[in-house]
Amino acid sequence: MKVTISDITSTMTTVLKAKGYLDDDVPFLIDMYLGGELRGHTSHGLASFPSFAKDDFSQLEKPVVLKETNAFFMIDAKSNPGALVGKHAADEAIKRAKKEVAGIAMIKNMDSWLRPGAIAQYIADQGYFALVVNDGGGTSIAPPGGSDPVLATNPIAYGVPTAETPLVVDMATSKRAWGQVRLANKYSTDLPADTFYDDQGNVTLDPKAAHSVMPAGEYKGFALALMVEVLCGSLVSMDNMMLDIKNAGSSFGTKLADRGGFILVIDPGQTSDDASTFKHANSDLIERIKATHALPNQEIRIPGEKASMEHAAKVKVGSIDIPDELWEEIKELA
């Protein structure tokens with residue numbers, strides 16, 4: 001079904017305001033879900049919005065600041081929505097970067113923020129370099145040489161201001177995000193090939209049989225996932241694995257409501273000649289890369305650029321195609 005972006009935005013606004021979200025936070029929450037859809041990340045787009053909208057966070061404790069210094073901010077989110085906690089933490093990191101060149105924010109016990117790329121975009125749009133990672137919740141990634149899930153998909157995102165639109169890269173450290181399993185189950189489709197294992201260690205296309213997912217880039221992707229696990233796990237006193245060594249088969253793949261997050265913000269106006277020079281240097285770097293020789297029948301691709309172009313193209317058209325049942329589900333929330 002083709003639906004106008006304005007209709008989707010209006011309906012989501014109605015839903016979020018009815019849930020009590022503040023006017024200042026509603027646009028960011030919409031971008032978290034609709035933005036993923038517009039960038040072509042359907043596994044982290046509108047399909048995830050109904051479950052978020054149905055959650056009731058109103059009775060939770062307020063987040064608590066655990067530690068803050070001139071350059072550091074740490075918060076216990078108390079299971080509150082990761083998107084809003086992440087936006088607040090990003091603001092705190094930006095505030096510190098303005099004064100101290102770099103600002104770091106760490107979060108524990110937050111509900112999912114869905115896309116670290118949305119946080120990175122928010123920071124980069126304000127002219128700062130951003131590195132944003134979070135624990136993916138539970139265990140999904142199999143280690144090199146194994147098939148049982150031992151780490152979460154642990155996504156990494158970064159935002160780089162350029163002379164044009166910021167370059168934002170948002171990627172799971174798994175070969176594909178675990179959201180592909182949820183999406184395939186929701187719409188009764190097959191999983192991507194050569195990506196997921198069943199509980200016998202066989203590659204499977206059946207989302208109901210999915211037991212684990214391969215790491216991106218084999219051991220290199222697993223190494224990055226392990227780094228994120230430490231940054232967003234033990235470093236903030238969270239155990240995100242929940243593994244039962246004695247009975248691994250029954251507990252692997254457990255999904256956690258709460259997780260950790262890490263945000264690094266750097267002010268390029270204080271590390272380079274000036275902010276404008278920094279932005280133009282990044283644009284020049286991208287153009288030099290794209291000017292190199294492409295392989296036969298291929299083109300030079302810059303990570304994150306295709307998603308940004310897809311977002312812009314859909315906004316220009318003003319409408320997108322989404323499954324009929326998903327649109328009906330969102331409208332029913334209103």
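At what angle do helix H1 (residues 5-18) and helix H12 (residues 324-333) pack, and how far apart are their axes? In this predicted model, the angle between H1 and H12 is about 40 degrees, and their axes are 8 Å apart.

## Packing of H1 against H12

The angle of about 40 degrees makes H1 oblique to H12. The crossing in which H1 passes H12 is left-handed. On the side of H1, the contact is made by Asp-7, Ile-8, Thr-11 and Val-15. H12 contributes Trp-327, Ile-330, Lys-331 and Leu-333. By character, the residues of this contact between H1 and H12 comprise five nonpolar, one polar and two charged.

An α-helix has 3.6 residues a turn, so residues three or four places apart point the same way.

## The open sheet

Seven strands make up an open sheet with mixed pairing, and their order is S2-S3-S4-S11-S5-S6-S7. The edges are occupied by strand S2 (64-68) and strand S7 (167-171). Each of these two strands has a single partner, so one side of each is left without a neighbour in the sheet. From one strand to the next, the twist averages 10 degrees.

Strands of a sheet pair through backbone hydrogen bonds, either parallel or antiparallel. Helix H4 lies across S2, S3, S4 and S11, and its direction is at about 160 degrees to that of S4.

## Strand S11 and its two partners

In the order of the sheet, S11 stands between S4 and S5. Is strand S11 (residues 259-266) largely enclosed by the rest of the structure or largely open? Seven of its eight residues are buried, so S11 is largely enclosed.

Strand S4 (residues 102-110) pairs with S11 in the antiparallel sense, over seven bridges. In this pairing, Ala-102 stands opposite Ile-266 of S11. Strand S5 (residues 129-134) also runs antiparallel to S11, and six bridges join the two. Here Leu-131 is placed opposite Leu-264 of S11, while Asn-134 faces Gly-261 of S11.

## Helix H6 and the residue after it

Which residues of helix H6 (residues 179-187) are buried? They are Gly-179, Gln-180, Val-181, Leu-183, Ala-184 and Tyr-187. Strand S8 (196-197) and H12 are among the elements that cover these buried residues. H12 thus appears in two settings, since H12 also packs with H1 and helps to cover H6.

Just after H6, the backbone at Ser-188 takes a positive phi of about 55 degrees.

## Loop residues with positive phi

Leu-114 and Glu-218 are not glycines, yet Leu-114 has a positive phi of about 65 degrees and Glu-218 one of about 55 degrees. Leu-114 is located in the loop between S4 and helix H5 (116-124). Glu-218 belongs to the loop between strand S10 (212-213) and helix H7 (219-231).

Is each of these residues buried or exposed? Leu-114 counts as buried because its relative accessibility is 14%, below the cut-off of 20%. Glu-218 is exposed, with a relative accessible area of 61%, which is over the 50% required.

## Asn-80, a buried loop residue

Asn-80 occupies the loop between strand S3 (72-76) and helix H4 (82-100). With a relative accessibility of 12%, Asn-80 counts as buried.

Apart from its neighbours within four places in sequence, Asn-80 is in contact with Phe-57, Leu-60, Glu-61, Lys-62, Pro-63, Val-85, Asn-109, Met-110 and Asp-111. Of these, Val-85 lies in H4 (82-100), and Asn-109 and Met-110 lie in S4 (residues 102-110).

## Pro-303, an exposed loop residue

Pro-303 is found in the loop between helix H10 (275-290) and helix H11 (305-317). Its relative accessible area of 51% makes Pro-303 exposed.

Which residues does Pro-303 contact, leaving aside its neighbours within four places in sequence? The contacts are with Leu-167 and Val-169. Both residues fall within the edge strand S7 (167-171). Pro-303 and Val-169 are 134 residues apart in sequence, and the C-alpha to C-alpha separation in space is 6.1 Å.

Note on methods: Residues are numbered from 1 along each chain as its sequence is written. This is a predicted model: local features need pLDDT of at least 70, side-chain atom pairs count only at pLDDT 80 or more; totals for chains, interfaces and linings use all residues. Side-chain values use heavy atoms; hydrogens and water are left out. Helices (H or I, at least four residues) and strands (E, at least two) are DSSP runs, numbered from the N terminus. Buried means under 20% relative accessible area, exposed over 50%, partly exposed in between (1.4 Å probe, protein chains only). Contact means heavy atoms within 4.5 Å. Axes are lines fitted to C-alpha atoms, for helices over the stretch in contact, and angles run from 0 to 180 degrees between N-to-C directions. Angles under 35 degrees count as roughly parallel, over 145 as roughly antiparallel, 65 to 115 as roughly perpendicular and the rest as oblique. A crossing is left-handed if the near helix is turned anticlockwise from the far one by less than a right angle, and right-handed if clockwise. Ala, Val, Leu, Ile, Met, Phe, Trp, Tyr, Cys and Pro count as nonpolar, Asp, Glu, Lys and Arg as charged, and the others, Gly among them, as polar. Two strands pair if DSSP finds at least two bridges between them.
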